[in-house]
Amino acid sequence: DGEVHINELKNGSSETFWNPTSEVRRQRLKRHIVLFEEQTDFESERLWQHVTSAINKGDQHKATQEKFVLEEEQRKAARERRESGTEWKPLLFRHDARTNEWHYKYEDLRPWDPLNDIAQFEKDGILQTMERHLSTRMSNHKATCINNQITRHKRSAKDCRRRKTSDQPSNHSQNTESSCSTPESVQELSDDDGKYLGFESLCAQCGREMNHLKEIHSAVLSLQKAQQDIHR
């Protein structure tokens with residue numbers, strides 16, 4: 001979001017290549033980083049702090065020196081692990097022996113959903129996505145539960161009618177009562193407070209999803225309050 005200039009070394013001229021407007025600056029991505037004092041020894045900002053400081057001061061010799069010290073420490077640690085037979089176990093990455101490449105363990109390759117996805121954030125090195133409508137998944141699962149129950153009731157009703165017609169004489173089949181009770185209309189069932197007329201209550205997974213939704217909602221409110229405090 002800053003100005004970019006092209007400098008012509010032959011004649012010393014300079015021209016502006018990019019000069020962002022105030023609107024562009026307002027739209028820049030917010031950068032969220034872990035506080036320096038909360039970072040572990042191997043996180044980039046803390047690990048490369050001396051190299052970064054030298055670069056910012058324009059001291060390339062010092063930067064190169066600090067980089068050499070850092071890399072030599074890493075080589076020494078690798079030698080010690082090799083000699084002691086200690087296996088290095090990465091916390092966030094896995095090695096693909098087939099392609100000889102490293103992959104982030106928690107990568108989420110699904111497309112970004114602007115209608116449902118609010119923000120992507122990092123917690124303990126794991127990237128996570130905050131979603132607007134967690135209840136959508138829950139609703140889909142709830143609908144599946146209801147449909148399964150409706151199917152079972154229809155199958156049960158069909159079995160009742162089959163037993164009724166086979167057990168009774170044909171001339172009495174029209175007015176013979178059966179011990180089986182069949183719902184008159186499945187379409188009239190309503191979903192009131194999670195209870196379904198004539199059906200068993202929501203499954204355990206629906207209950208867990210509901211509790212998860214409440215936790216997410218509480219976390220969002222906490223984040224909003226924190227943002228308001230930061231703005232103040």
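Select D108 to begin: at 41% relative accessibility, D108 counts as partly exposed, a label for residues between buried (under 20% relative accessible area) and exposed (over 50%), judged with a 1.4 Å probe and with protein chains only as cover. Add R110, which is partly exposed too, with a relative accessible area of 35%. D108 and R110 form a salt bridge whose closest N and O atoms are 3.3 Å apart, the term being used for a side-chain nitrogen of Lys or Arg within 4 Å of a carboxyl oxygen of Asp or Glu. Side chains of opposite charge can pair when their charged atoms come close.

Before moving on, note that this is a predicted model, in which local features need pLDDT of at least 70 and side-chain atom pairs count only at pLDDT 80 or more, while totals for chains, interfaces and linings use all residues. Residues are numbered from 1 along each chain as its sequence is written, and side-chain values use heavy atoms, with hydrogens and water left out.

**Helix α4**

Now select residues 60–84, which form helix α4; helices here are DSSP runs of H or I with at least four residues, strands are runs of E with at least two, and both are numbered from the N terminus. How far apart are the end C-alpha atoms of α4? They are 36 Å apart, which agrees with the 36 Å that its 25 residues should span at 1.5 Å a residue, where the expected span is 1.5 Å times one less than the number of residues.

Within α4, pick out E72 and R75, whose side chains meet in a salt bridge of 3.4 Å, N to O. Because E72 and R75 are three residues apart in this helix, they are separated by about one helical turn. An α-helix has 3.6 residues a turn, so residues three or four places apart point the same way. E72 also forms a salt bridge with R79, with the closest N and O atoms 3.8 Å apart. E72 is partly exposed at 30% relative accessible area, R75 is partly exposed at 41%, and R79 is partly exposed at 37%.

Turn next to A63, E66 and L70, which are buried in α4. What covers the buried residues of α4? The cover includes α2 (44–47) and α3 (49–56).

**Strand β6**

Select Q128, which has its place in strand β6 (residues 126–131) and is partly exposed, with a relative accessible area of 32%. Leaving aside residues up to four places away in sequence, Q128 touches A119, Q120, F121 and K123, a contact being heavy atoms within 4.5 Å. The C-alpha atoms of Q128 and E107 are separated by 9.1 Å, although these residues lie 21 residues apart along the chain.

**A nonpolar patch**

Show V4, I6, F17, W18 and V24 together, since these residues make a nonpolar surface patch of about 460 Å². Strands β1 (4–7) and β2 (14–18) each supply at least two residues of the patch, and I6, which lies in β1, is partly exposed at 40% relative accessible area.

**The whole chain**

Finally, zoom out to the protein chain, which has six helices and eight strands, and in which buried residues make up 12% of the 232 residues. Colour the chain by pLDDT, the predictor's confidence in each residue from 0 to 100: the average is 77, and 69% of the residues score at least 70. Over residues 168–200, pLDDT stays under 50. Where pLDDT is low, the predicted coordinates should not be read in detail.

Notes:
Patch = residues over 30% accessible without salt bridge, like charges linked within 9 Å, V, L, I, M, F, W, Y side chains within 5 Å. Areas by Shrake-Rupley, 256 points an atom, 1.4 Å probe, with all protein chains shown as cover.
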